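Biologist: Please take me closely through one part of this model, giving each term its cut-offs as it arises.

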Amino acid sequence: MKRFSVRIYLDFNATAPAAPGVIDAVCRVLRDIPGNPSSIHASGQQARAVLDDARGVVATLIEAAPSDLVFTGGGTEADNLALRGAAEARESSGRRHLICSSIEHEAILNTLTGLERRGWRVTRLPVDRSGSVSPTSLASAIDEETALVSVMHANNEIGTLQPIAELADIAHSVGAWFHTDAVQTVGKVPVSVRTLGVDLLSLSGHKFGGPKGTGALWVRRGLRLHAQHTGGRQERSRRGGTENVAGLAGLAVAAAYARASMAQHASETARLRDRLESAILETVPGSAVNGAREHRVPNTTNISFDGVEAESLLIALDLDGIAVSTGSACSSGTLEPSHVLQAMGLPAAHVRSSLRFSLGPQTTDAEVDAVVDRLPRLVEKLRRLTHRATHLVGAGAPTRGTTRDAVRGDT
Amino acid sequence: MRVVVAMSGGVDSSVAAALLTEAGHDVVGLSMQLYDQRETSDGAPAFGSCCSLDDLHDARRVAHDLGFPHYIVNFEREFKSTVVDNFLREYSAGRTPIPCVHCNADLKFSTLAERAAGFDAAAVATGHYARVSFDEDLRRYRLQRGKDDDKDQSYFLFTLTQDQLAHAMFPVGHLTKPEVRVHAERLGLSVADKPDSHEICFIPDGNTARFVERHSPQVPSKGEIVNEEGRVLGEHGGVHHFTVGQRKGLGLSTGAPLYVLKLQPVDQRVVVGSRDSLGISDVSASKVNWIAGSAPDGPTRVTARIRHRHRDAPATVESTGDATAHLRFDTPQIAVAPGQAIVFYDGDEVVGGGWIDS
């Protein structure tokens, strides 16, 4: 399709293209290693070895022990296992209270809403204008019945990093477990389960160049979760079902690449993000950054364009070959007002006019230049249209007679 | 030339998009999400039971197969405030609304057209069975019935202004429905065999009274059924259950069949009478739009249609001032319902139209 010929992709928080070597690794395993890791025979042993290697490499990325890693079919599944698994495991000890932040990913929010309907008490912590959860609010919400606290490491829409270690300490002070959804940080910035002090951590492969449908939950040794996928003894009975061997081999390659290149990529991405952000603020009147500009992942910026429907701007940019995003898409693929920006206390009109730009290792200076070149004019045009009467622009529209004939001549 | 096609996921707008693509236009498909697709907590969809997610999927599929970009735009707020609220207000006021006209006028050819302009589109195309053309002599656009008499949808487009017509395209207007289906099959469109849609998309079960009650809980649910002399014949569950001309559902057992003649929301009365009393010759209309941009001078001979399925009848229409008009049918017409549109034709051409007041 013509429209995909030259594309500028600034939606790395949605997904990232495969890191170098990932595709080859996936293909090699699919082709050469057909065995089931649970099988006793040689073919099974080969597949088992691939899985063991992958577990070691991914564990290293988060400074964890390989055996504490449960491979899953992605970040959402890891979140589900953490939340449901912990809630069900701690239910009998009278801990029926769950806490999360109000800016969590839907994988957390909707899972907790489901548990709430089944009788768990759920508290959603507010965030301030910068998008941060305050330790004080956690301290006042938590009690002896709290089973689990879940606060994301970095938010997917605005990139704000949360004070995880401090929050985890508070959770532990009353015996609650602490989970963090680190889907937006693992592979982008250094993440260590040791320094974070958490009990459970979710990661997703495709956010840093691994295959979609791969992820993992890190579980602190000694913690017993209720399995959510019951079946065979895979993943030490914590996740039944034959492992996605080829996908996980790809995940391992992405993890190794991320670990090796992270420092360089993070600083380069931050430089480009800051340049993009400053240029937009400078050239587009009525633009403002949502959330704090410090304490965030290096690749994300969320900017509002006063008086513009973000939905229109997103489509106009896409038709111009530039892929960006707003909040989360709903079932049909349309935009819903971002619950994250709403939770930060931004007015509805401001929320509807906000776009997310998320960069990655493949982003170039030329791409940033191209966006900065086109964006101000698009914003200006959309603003003009919003403020005028409800019809199409007359100027510039070609005479219509010929085109109509062309269509009608078809029969 | 870039053209935005409003795609419902049905066969008409799909073929419209396909024909424009074949004609070499740079087509961008837009589908409007009009109501919340998520289920409410008790498992019931917010509005009706909806096949709409499937429709959006169908539109996306067609766009992908034909190779043009497609987006779903969220018009929930606009749809609620322009179409649904008006629908509820009208029913509560004892009138019989036509949401499709508001959807065309206030969404497709205004809000959607405005979005389209933002994407540098020169026109908005829909799958309506109607025709638009430029009259070189009169230097203005003309709106005509679709070629397919049975499918003609010009009745729903009477509000369009010259400016809107200048940027409107109806690529299937010169085709019959069977011809449209032949095109769909020729092009291998996945929607070729899809059945025609409901008349009111947000009430798929057709139970408008229940919809009104669910969304305007304050609507009165009790009143009297009276005859033309004012004698009480029975009770009813609210005027929103009735439409002028309706015969069924009155719950009366009388000898001769009785019809709803009039709805009086103020005292919640439903006036009934014989079919003879149902005929009306004189109609006054408001919010009248003249397609030419201005009213014709003096009384004008037209044929007029008082509802979508009505066979238009000869009449004389005259402008009575600022966007109002009076019309006299040559012979009385049955069931002229306030709230419905009355549309005036000169042969195949739409002269104008308005909303029936009385």
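Modeller: Two strands pair if DSSP finds at least two bridges between them; strands (E, at least two residues) and helices (H or I, at least four) are DSSP runs numbered from the N terminus. This is a predicted model, in which local features need pLDDT of at least 70, side-chain atom pairs count only at pLDDT 80 or more, and totals for chains, interfaces and linings use all residues. Residues are numbered from 1 along each chain as its sequence is written, with chains lettered from A and ligands numbered from 1 in the order written.

The part I have chosen is the sheet of chain A, together with a helix beside some of its strands. The sheet is open and has seven strands in the order 2-8-7-6-5-3-4, with mixed pairing. Strand 2 (69-72) and strand 4 (121-125) of chain A form its edges, each pairing on one side only. Within the sheet, strand 7 (residues 200-204) and strand 8 (residues 215-219) of chain A run antiparallel and are joined by five bridges. Here S202(A), in one strand, stands opposite L217(A) in strand 8 of chain A.

Helix 6 (residues 164-173) of chain A has the buried residues I164(A), L167(A), A168(A), I170(A) and A171(A) (buried: 20 or more other C-beta atoms, placed from the backbone, within 10 Å of the residue's own; exposed: 12 or fewer; partly exposed: in between). Viewed down the axis of helix 6 of chain A, these buried residues fall within an arc of 160° and therefore line one face of the helix; the arc is that of the directions from the helix axis to the C-beta atoms. The face turned away from the buried side of helix 6 of chain A carries the exposed residues A165(A) and S173(A).

The cover over the buried residues of helix 6 of chain A includes two strands, strand 5 (146-150) and strand 6 (177-181) of chain A. Helix 5 (135-141) and helix 7 (193-196) of chain A are also among the elements that cover them, where contact means C-beta atoms, placed from the backbone, within 7 Å. Strands 5 and 6 of chain A stand side by side in the sheet order. Just after helix 6 of chain A, G175(A) takes a positive phi of about 85°.

Chain B offers a sheet for comparison. Its five strands form an open sheet in the order 3-2-1-4-7, with parallel pairing. At its edges stand strand 3 (70-74) and strand 7 (168-169) of chain B, each with a single partner strand, so one side of each is left without a neighbour in the sheet. Strand 1 (residues 2-6) and strand 2 (residues 26-33) of chain B pair in the parallel sense over five bridges, and A6(B) has L30(B) of strand 2 as its bridge partner.
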